[in-house]
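I'm opening a fresh page for this one. My notes go down in the order I looked things up.

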Amino acid sequence: MDDWNARQYLKFEDERTRPVRDLLSQVPLERVRRAVDLGCGPGNSTELLLARFPQAEILGLDSSSDMLRQARERLPGGTFVQADLTTWNPPERTDLLFANAVFQWVPDHPAVLARFLKALPSGGVLAVQMPDNTNEPALALMREVGAHGPYAGHPALEHATRGDLPTPGEYYDLLRPLARHLDVWHIVYNHVMAGPEAIVEWFKGSALRPFLDALDTKAREEFLADYTARIAKAYPARYDGKVLLRFPRLFIVASR
Ligand SMILES: C[S@@+](CC[C@H](N)C(=O)[O-])C[C@H]1O[C@@H](n2cnc3c(N)ncnc32)[C@H](O)[C@@H]1O
């Protein structure tokens, strides 16, 4: 996948970091020798891991050089590596694998989760959060715009859509046999956004990227205009002109 844009991603840093806090609050570890922040992005999640486990060796891992550059600027003393989760293996003595908002992008991620959980020592924890929002209007409308008019049949757009996550039951059947304890839950956030354009800006930093990367400049502008008009209808203004972005997320904490 193409490189990420850290600046665009961080436009909504407070909202995007909130699930990091919610996930970290459920990690049942007092002391950690080594923790790896998988898909560390611009270092926002790594920063909270460092604060929670100041004595631990914390490694940030990401496949994007732009994200890693930003993470190194933010945390100059931190250790960061460029790697792809599809081929990477956890080093020995890793007590915590922490993955906020990355596995939804990893092909066949359930198999990777199982592989990582098996690699942990006894007592080790795998903590994961993924957006579970493919059926929300914001994502359905990307598919809708992509399927019509000038974009219909565009080969790159066919690969731009992210598949639905497995159900909690499917994760349970896969991971429970490998775990001493497993917790799977959802949180639905309702982020207060300045208006429909803010929702479009949000997704330019994530799910819209594969759609926009597939188009040339003119087609991209037309796509965004059509998408923004549909978003404005799907997310009506509240009494103060703001809009609420409903955002369901799935959390998994598995202890080895
Ligand atoms: C949505 S950001 C999450 C950033 C941060 N963890 C947070 O909590 O906000 C997802 C990150 O996963 C990285 N990523 C996506 N696929 C990856 C892969 N296969 N291997 C490693 N990193 C990947 C992207 O480069 C991006 O920085």
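**Starting at Met 193**

I began with Met 193, which sits in strand E6, residues 181-193. A reminder to myself: this is a predicted model. Is Met 193 buried or exposed? With a relative accessibility of 2%, Met 193 is buried, since the cut-off is under 20%. I then listed what Met 193 touches, skipping neighbours within four places in sequence: Phe 12, Ala 198, Ile 199, Trp 202, Lys 242, Val 243 and Leu 245. I also checked the spacing between Met 193 and Arg 18: they are 175 residues apart in sequence, and their C-alpha atoms are 15 Å apart in space.

**Strand E7 and Ser 255**

Next I looked up Ser 255, which I found in strand E7, residues 243-255. Ser 255 has a relative accessible area of 11%, so I put it down as buried. Leaving out residues up to four places away in sequence, the contacts of Ser 255 are Pro 28, Gly 124, Val 125, Ala 179, Arg 180 and His 181.

**Helix H11**

I wanted to test the length of helix H11, which covers residues 217-234. It has 18 residues, and at 1.5 Å a residue they should span 26 Å. The C-alpha atoms at its ends are 26 Å apart, so the expected span and the model agree.

Which residues of H11 are buried? I noted Ala 219, Phe 223, Leu 224, Tyr 227, Thr 228 and Ile 231. These residues cover an arc of only 165° around the axis, so they lie on the same side of H11. The general rule helps me here: an α-helix has 3.6 residues a turn, so residues three or four places apart point the same way.

What does the buried side of H11 pack against? I found three helices there: H6 (137-147), H9 (196-204) and H10 (209-213). On the face turned away from that buried side, I wrote down Lys 218, Glu 221 and Lys 233 as exposed.

**Salt bridges**

How many salt bridges does the structure hold? I have 12 in my notes. The background is simple: side chains of opposite charge can pair when their charged atoms come close. I followed up some of the pairs.

I took Arg 74 and Glu 13 to begin with; their side chains meet at 2.6 Å, N to O. Arg 74 belongs to helix H4 (residues 65-74) and Glu 13 to helix H2 (residues 13-24), so this bridge ties together parts 61 residues apart in sequence. Arg 74 is partly exposed, at 25% relative accessible area. Glu 13 is partly exposed too, with a value of 25%.

Then I turned to Glu 57 and Arg 34, whose side chains form a salt bridge at 3.1 Å, N to O. Glu 57 is in strand E2 (residues 57-62) and Arg 34 in strand E1 (residues 34-38), so the pair links parts 23 residues apart in sequence. Glu 57 is partly exposed at 44% relative accessibility, whereas Arg 34 is buried at 15%.

Back in E7, I checked Arg 246, whose side chain meets that of Glu 136 in a salt bridge of 3.1 Å, N to O. Glu 136 lies in the loop between strand E5 (125-131) and H6, so here the tied parts are 110 residues apart in sequence. Arg 246 counts as partly exposed at 39% relative accessibility, while Glu 136 counts as buried at 10%. I also noted a network in which salt bridges with shared partners join Lys 11, Glu 201 and Lys 204.

**Around the ligand**

Which residues come nearest to the ligand? Of the 20 around it, I listed Tyr 9, Gly 39, Asn 44, Asp 62 and Asn 100. I looked closer at a few atoms. The side chain of Asn 44 has an N or O atom 2.9 Å from a ligand oxygen. For Asn 100, a side-chain N or O atom is 2.7 Å from an oxygen of the ligand. At Leu 85 a polar backbone atom is 3.0 Å from a ligand nitrogen.

**Last stop: Gln 104**

I finished with Gln 104, in the loop between strand E4 (96-100) and helix H5 (109-119). Its relative accessible area is 10%, so I logged Gln 104 as buried. The Gln 104 side chain reaches the backbone oxygen of Ala 101 at 3.2 Å. Setting aside residues up to four places away in sequence, Gln 104 touches Gln 129, Met 130, Pro 131 and Arg 162.

Definitions and conventions. Residues numbered from 1 in each chain as written. Predicted model: local features only at pLDDT ≥ 70, side-chain atom pairs only at ≥ 80, totals over all residues. Heavy atoms only, no water. Helix = DSSP H or I, 4+ residues; strand = E, 2+ residues; numbered from the N terminus. Buried < 20%, exposed > 50% of the residue type's maximum accessible area, 1.4 Å probe, protein only. Contact = heavy atoms within 4.5 Å. Expected span 1.5 Å × (residues − 1). Arc of directions from axis to C-beta. Salt bridge = Lys/Arg side-chain N within 4 Å of Asp/Glu carboxyl O. Near = heavy atom within 4 Å. Polar contact = N/O pair within 3.5 Å; in protein donor to acceptor, adjacent residues only side chain to side chain.
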